[in-house]
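Here is a short report on a structure with two chains. It moves from the single chain to the contact between the copies.

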Protein chains: 2
Amino acid sequence: MPDLKPWKTLHTKLLLDCTPWLRVYSEKVELPDGRVVNDYLRLEQPDFVMIVPVRSGCEIGLIRCYKHGVGAVDMQPPAGYIEPDEDVIITAQRELLEETGCQAEAWFELGSYVISGNRGTGRAHLYLATGCQQVVEPDPGDLEEQEVIWLSLEEVQQRWTDGKFSQMATAAALGLALNRLGMKDIDLP
Amino acid sequence: MPDLKPWKTLHTKLLLDCTPWLRVYSEKVELPDGRVVNDYLRLEQPDFVMIVPVRSGCEIGLIRCYKHGVGAVDMQPPAGYIEPDEDVIITAQRELLEETGCQAEAWFELGSYVISGNRGTGRAHLYLATGCQQVVEPDPGDLEEQEVIWLSLEEVQQRWTDGKFSQMATAAALGLALNRLGMKDIDLP
């Protein structure tokens, strides 16, 4: 394998500051071959968690709501931004509770992923949460009006295969969760 | 199911114009319950394709290169931005040829996904391309120095399960491709 070298950032200029939601930077970068690019864009957005919850009967919990980035009503696993200084797993447990009213028996990490390989734009931290039981009423506190829907594993698998979920994070999280659920080290109620 | 209504966009203001790579808008939106949000951010970035190529021997092709958004050397399927007025499948075929030097016997759509459910930021169009054969030398024309690596299906499955791929689009595309490759309607060489 060739020795692939990182780019060098020579200068960073803040183009737009919409803290805490977005910061856009223009970077002057030097490539390994010596070429210089004057205006390579880098975006900072807050990291978020997405949790695939499973309850008794092998049902997967999804949030159904209008998403403005999609421009339509969509279904997705519970998700939310990480608060400053909040541990990622604490965010995941908090968002699961707020959005579905559930607590989980067991948590499985499905990895953490950069949203854009070119621009950055934060990371998504994906989880599978099994043995979910509702302990309170959902209280999401989000802008979106929403409902919780529990679908069978088979229905989620079919919709995922058919490309029926509209968001990239949903496609990634459901694939990894369905794969993990098929592995032998997980006890399902 | 409740009748979930879309948000109404009352006013749109362009905050940052870095065409063709990025446009950032602030939108004044009205929620179904009458509340008004004055500065909801929407991002426009170009759509892109990502192709999971499979060649004889059930090997999957990946590009290994430094990605500035990740800040590290990473592996991902071939991918690229859609040119203005270019058909998506033509982009996919062009990018596969440029990045790996391959042509494919059969193409399978794995769906198209919005990058951010909140902000938009464009769509990724995912494909599986089987029966790939190299016909020319790769000539990616990208900023990144890169190499093509062919890994066995099993190794890709293991790395994907272990969360070893760093980018969200890679996690989504590989999951959907591995799932599709396990289905009975695909003839693999």
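Helix axes here are lines fitted to C-alpha atoms over the stretch in contact, and angles run from 0 to 180 degrees between N-to-C directions. The model is predicted.

**Helix against helix**

Take the contact between the chains first. The axes of α3(A) and helix α3 (residues 168-181) of chain B come within 8 Å and cross at roughly 50°. Angles under 35 degrees count as roughly parallel and those from 65 to 115 as roughly perpendicular. α3(A) and α3(B) are therefore oblique to each other. Their crossing is left-handed.

Which residues of α3(A) meet α3(B)? They are A:Met168, A:Ala169, A:Ala171, A:Ala172, A:Gly175, A:Leu176 and A:Asn179. On the other side stand B:Met168, B:Ala169, B:Ala171, B:Ala172, B:Gly175, B:Leu176 and B:Asn179. By class, this contact holds ten nonpolar, four polar and no charged residues.

Within chain A, α3 also packs on another helix. Helix α2 (residues 153-161) and helix α3 (residues 168-181) of chain A have axes that come within 11 Å. α2(A) and α3(A) are likewise oblique, therefore, to each other, and their crossing is left-handed. From α2(A), the residues in contact are A:Leu153, A:Val156, A:Gln157 and A:Trp160. From α3(A), they are A:Ala171, A:Leu174, A:Gly175, A:Leu178 and A:Leu181. The contact of α2(A) with α3(A) has seven nonpolar, two polar and no charged residues.

The table sets out both helix pairs.

| Helix pair | Axes come within | Crossing angle |
|---|---|---|
| α3(A) and α3(B) | 8 Å | roughly 50° |
| α2(A) and α3(A) | 11 Å | roughly 135° |

**The whole interface**

The contact between the chains takes 53 residues from chain A and 53 residues from chain B. Several elements of chain A each supply at least two residues: β1 (8-18), β2 (22-30), β3 (36-44), β5 (59-67), β6 (72-76), β9 (106-116), β10 (120-134) and α3. The largest share on the chain A side, seven residues, comes from α3(A). That side divides into 32 nonpolar, 14 polar and seven charged residues.

How are the copies related? Chain A can be laid on chain B with an RMSD of 0.0 Å, by a turn of 180° and a shift of 0.0 Å along the axis. The two copies are thus related as by a two-fold rotation axis. Of the residues of chain A, A:Ala172 comes closest to that axis, with its C-alpha at 1.9 Å. A:Ala172 is also one of the α3(A) residues that meet α3(B). In chain B, 100% of the interface residues of chain A are interface residues too, so the copies meet through the same surface.

**The single chain**

Chain A has three helices and eleven strands. From the N terminus on, the order is β-β-β-β-β-β-β-α-β-β-β-β-α-α. Its C-alpha atoms fill a box of roughly 60 × 40 × 30 Å along the principal axes. Of the 189 residues in chain A, 40% are buried. Among contacts between residues at least 6 apart in sequence, 60% join residues at least 24 apart.

**One residue in chain B**

B:Leu62 lies in strand β5 (residues 59-67) of chain B. Is B:Leu62 buried or exposed? B:Leu62 counts as buried, because 24 C-beta neighbours lie inside 10 Å. Leaving aside neighbours within four places in sequence, B:Leu62 is in contact with B:Met75, B:Gln76, B:Pro77, B:Ile149 and B:Leu151. B:Val49 is 13 residues from B:Leu62 in sequence and 14 Å away in space, C-alpha to C-alpha.

Methods: Residues are numbered from 1 along each chain as its sequence is written. Chains are lettered from A and ligands numbered from 1 in the order in which they are written. This is a predicted model: local features need pLDDT of at least 70, side-chain atom pairs count only at pLDDT 80 or more; totals for chains, interfaces and linings use all residues. Helices (H or I, at least four residues) and strands (E, at least two) are DSSP runs, numbered from the N terminus. A residue is buried if 20 or more other C-beta atoms lie within 10 Å of its own, exposed if 12 or fewer, and partly exposed in between; C-beta atoms are placed from the backbone. Two residues are in contact if their C-beta atoms, placed from the backbone, lie within 7 Å. Copies are superposed by least squares on the C-alpha atoms of residues with pLDDT of at least 70 in both. Angles under 35 degrees count as roughly parallel, over 145 as roughly antiparallel, 65 to 115 as roughly perpendicular and the rest as oblique. A crossing is left-handed if the near helix is turned anticlockwise from the far one by less than a right angle, and right-handed if clockwise. Ala, Val, Leu, Ile, Met, Phe, Trp, Tyr, Cys and Pro count as nonpolar, Asp, Glu, Lys and Arg as charged, and the others, Gly among them, as polar.
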